[in-house]
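Student: Could you take a close look with me at one part of this protein? I would like to follow a single strand and its partners, and then see how the rest fits around them.

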Amino acid sequence: MLERILYVSRAAPGTELSDIFRIVSEARARNAAADISGALVFVDGWFVQVLEGPAPAICATYAHILADPRHVDISFRARERALCRLFGDGLVLRTGPKLSPEVLREFDYSFGFPVETFPADVLLEFMVWACGSGRGAGAAPQSIAV
Ligand SMILES: Cc1cc2nc3c(=O)[nH]c(=O)nc-3n(C[C@H](O)[C@H](O)[C@H](O)COP(=O)(O)O)c2cc1C
């Protein structure tokens, strides 16, 4: 059975883009070994991460992530059964120019993804639009071609 978790956190002070790339490259290797996939967005010093995989692997990985001093203010947003993987097999990273301003605008992005304006379902939808690999990924929702 697949599970999905979703959380938001703030990068520890002094975290540089090079640190993010290191985190992601290590995470990709560990996740592949644990059959975990997902997506990570980094914007204005905040992370949003979705992880999908077998429940025991997700729990173990999240325990490591929780204890990681490279981020703080970790806000757990959702844990749910997943019918399928939404982000392919790897760990998609979206930050800087790879993060579509159109999608941020469409979702009324505000600093830190506060739960009031980004409840779990909206946040997951945001992640799919920002990181998904399907048709229309990276574009604003209204521009889907049908
Ligand atoms: C924002 C963020 C996202 C991370 N994502 C993952 C991940 O998807 N998979 C993973 O194995 N480690 C991830 N890590 C790294 C873990 O926190 C941790 O360093 C790693 O699992 C190794 O565990 P250890 O530090 O207890 O040895 C992430 C760290 C941060 C700060």
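Tutor: Let's start where Gly38 stands opposite Leu91 in β5. That pair belongs to a parallel pairing between β2 and strand β5, residues 91-95, which runs over five bridges. This is a predicted model, so please read everything here in that light.

Now turn to the other partner of β2. Strands β2 and β3 pair over seven bridges, this time in the antiparallel sense. If you would like a place to put your finger, Ser37 stands opposite Glu52 in β3. The two strands make a hairpin, with two residues between them. One residue to look at in that turn is Asp44, whose phi is positive, at about 50°.

How covered is β2 itself? The strand takes in residues 37-43, and six of its seven residues are buried, which leaves it mostly covered. For the protein chain as a whole, 29% of the 146 residues count as buried.

From the hairpin we can move on to the ligand, because β3 (46-54) is one of the elements that each supply at least two residues of the shell around the ligand. The others are α1 (17-33) and α2 (55-66). Of the elements, α1 gives the most to this shell, with four residues. In total, 17 residues surround the ligand, and the closest are Ala27, Arg30, His64, Ile65 and Asp68. By character, the shell divides into eight nonpolar residues, six polar ones and three charged ones.

Asp68, one of those closest residues, deserves a pause. You will find Asp68 in the loop between α2 and β4 (71-81). Asp68 counts as exposed because its C-beta neighbours inside 10 Å number 12, and a residue is called exposed at 12 or fewer. Asp68 and Ala12 are 56 residues apart in sequence, while their C-alpha atoms are 9.8 Å apart in space.

Another loop worth a visit joins the topic of backbone angles. Between α3 (101-106) and α4 (120-131) lies a loop that holds Asp108, and Phe113 lies in the loop between α3 and α4 too. Asp108 is not a glycine, yet its phi is positive, at about 55°. Phe113 is not a glycine either, and its phi is positive at about 50°. Buried or exposed: which word fits Asp108? Asp108 is exposed, because 10 other C-beta atoms lie within 10 Å. Phe113, in turn, counts as buried because it has 22 C-beta neighbours inside 10 Å, and the cut-off for buried is 20 or more.

Finally, step back to the whole protein chain. Its secondary structure comes to four helices and five strands. Read from the N terminus, the elements follow the order β-α-β-β-α-β-β-α-α. Among the contacts with a separation of 6 or more, 78% join residues 24 or more positions apart. Along its principal axes, the C-alpha trace spans about 40 × 35 × 30 Å. The radius of gyration of the protein chain is 14 Å, which agrees with the value near 15 Å that a compact globule of 146 residues would have.

Notes: Residues numbered from 1 in each chain as written. Predicted model: local features only at pLDDT ≥ 70, side-chain atom pairs only at ≥ 80, totals over all residues. Near = placed C-beta within 6 Å. Nonpolar A, V, L, I, M, F, W, Y, C, P; charged D, E, K, R; others polar. Rg over C-alpha atoms; globule rule 2.2 N^0.38 Å. Contact = placed C-beta atoms within 7 Å. Pairing = 2+ DSSP bridges.
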